[in-house]
Amino acid sequence: QVQLVESGGGLVQAGGSLRLSCAASGRTFSKYAMGWFRQAPGKERECVAAISWSGRNTYYADSVAGRFTISRDNAKNTVYLQMNSLKPEDTAVYYCAADSVGALTISIHQRPETYDYWGQGTQVTVSS
């Protein structure tokens with residue numbers, strides 16, 4: 001069992017930055033692939049970034065590539081999402097998720113149903 005707790009959301013002006021953190025419980029965190037998803041009102045949940053258990057392999061949605069960076073610190077059981085050059089369209093609730101299959105397969109790890117565990121979400125609001 002893994003519990004995930006996101007933090008770091010908030011209100012920021014367009015062009016600003018935020019860093020989201022996702023703290024995980026459990027000793028098996030280092031074996032999990034991790035993903036960051038977001039969901040805006042009236043829209044489907046979408047994967048913005050994912051990272052393999054080792055951190056060597058990553059995936060970014062086209063909409064955030066070059067602006068967002070996913071990373072992890074397995075010693076701290078934490079995965080991060082550094083978000084730069086934020087835009088109003090980045091406004092959403094952001095969720096982290098864990099998949100017990102640690103290797104990253106992009107076609108699979110873009111899908112919410114792939115993941116076994118989810119955090120409660122943190123709101124990110126970008127004002128224009």
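**Figure 1. Glu6 and its partner across the strands.** In this predicted model, Glu6 sits opposite Cys22, a residue of strand β3. Strand β1, residues 4–7, pairs with β3, residues 18–24, in the antiparallel sense, and four bridges link the two. Follow the side chains along β1 and you will see them alternate. Leu4 and Glu6 point to one face and are buried, while Val5 and Ser7 point to the other face and are not buried.

**Figure 2. The chain as a whole.** Before the next close-up, here is the setting. The chain has one helix and eleven strands, and along the sequence they come in the order β-β-β-β-β-β-β-β-β-α-β-β. Its radius of gyration is 13 Å, close to the 14 Å that the globule rule gives for 128 residues, so the chain is as compact as a globular protein of that length. Taken along the principal axes, the box filled by the C-alpha atoms is roughly 40 × 25 × 25 Å. Of the 128 residues, 45% are buried. Looking at contacts between residues at least 6 apart in sequence, 61% join residues that are at least 24 apart.

**Figure 3. The surface and its charges.** The accessible surface of the chain comes to about 6400 Å², and carbon and sulfur atoms account for 46% of that area. The chain carries 12 positive and 10 negative charges, and the mean positions of these two sets are 7 Å apart.

**Figure 4. Lys31 in its loop.** Lys31 has its place in the loop between β3 and β4, where β4 spans residues 33–39. Lys31 is exposed, with a relative accessible area of 54%. Leaving aside neighbours within four places in sequence, Lys31 is in contact with Trp53, Ser100, Val101 and Gly102. Look for Ser54 too: Lys31 and Ser54 are 23 residues apart in sequence, and their C-alpha atoms are 7.9 Å apart in space.

**Figure 5. Asn77, a loop residue with a positive phi.** Asn77 is found between β7 (68–73) and β8 (78–83), in the loop that joins them. Its phi is near 55°, a positive value in a residue other than glycine. With a relative accessible area of 19%, Asn77 is buried.

**Figure 6. Ser85, one loop further along.** Ser85 lies in the loop between β8 and β9, the latter covering residues 92–99. Here phi is near 50°, again positive in a residue other than glycine. Ser85 counts as partly exposed, at 41% relative accessibility.

Terms used:
Residues are numbered from 1 along each chain as its sequence is written. This is a predicted model: local features need pLDDT of at least 70, side-chain atom pairs count only at pLDDT 80 or more; totals for chains, interfaces and linings use all residues. Side-chain values use heavy atoms; hydrogens and water are left out. Buried means under 20% relative accessible area, exposed over 50%, partly exposed in between (1.4 Å probe, protein chains only). Two strands pair if DSSP finds at least two bridges between them. The radius of gyration is taken over C-alpha atoms; the globule rule is 2.2 Å times the number of residues to the power 0.38. Contact means heavy atoms within 4.5 Å. Accessible areas come from the Shrake-Rupley method with a 1.4 Å probe; for residues, only the protein chains shown count as cover. Lys and Arg count as positive and Asp and Glu as negative; His and the chain ends are not counted. The place of a charge is taken as NZ of Lys, CZ of Arg, CG of Asp or CD of Glu.
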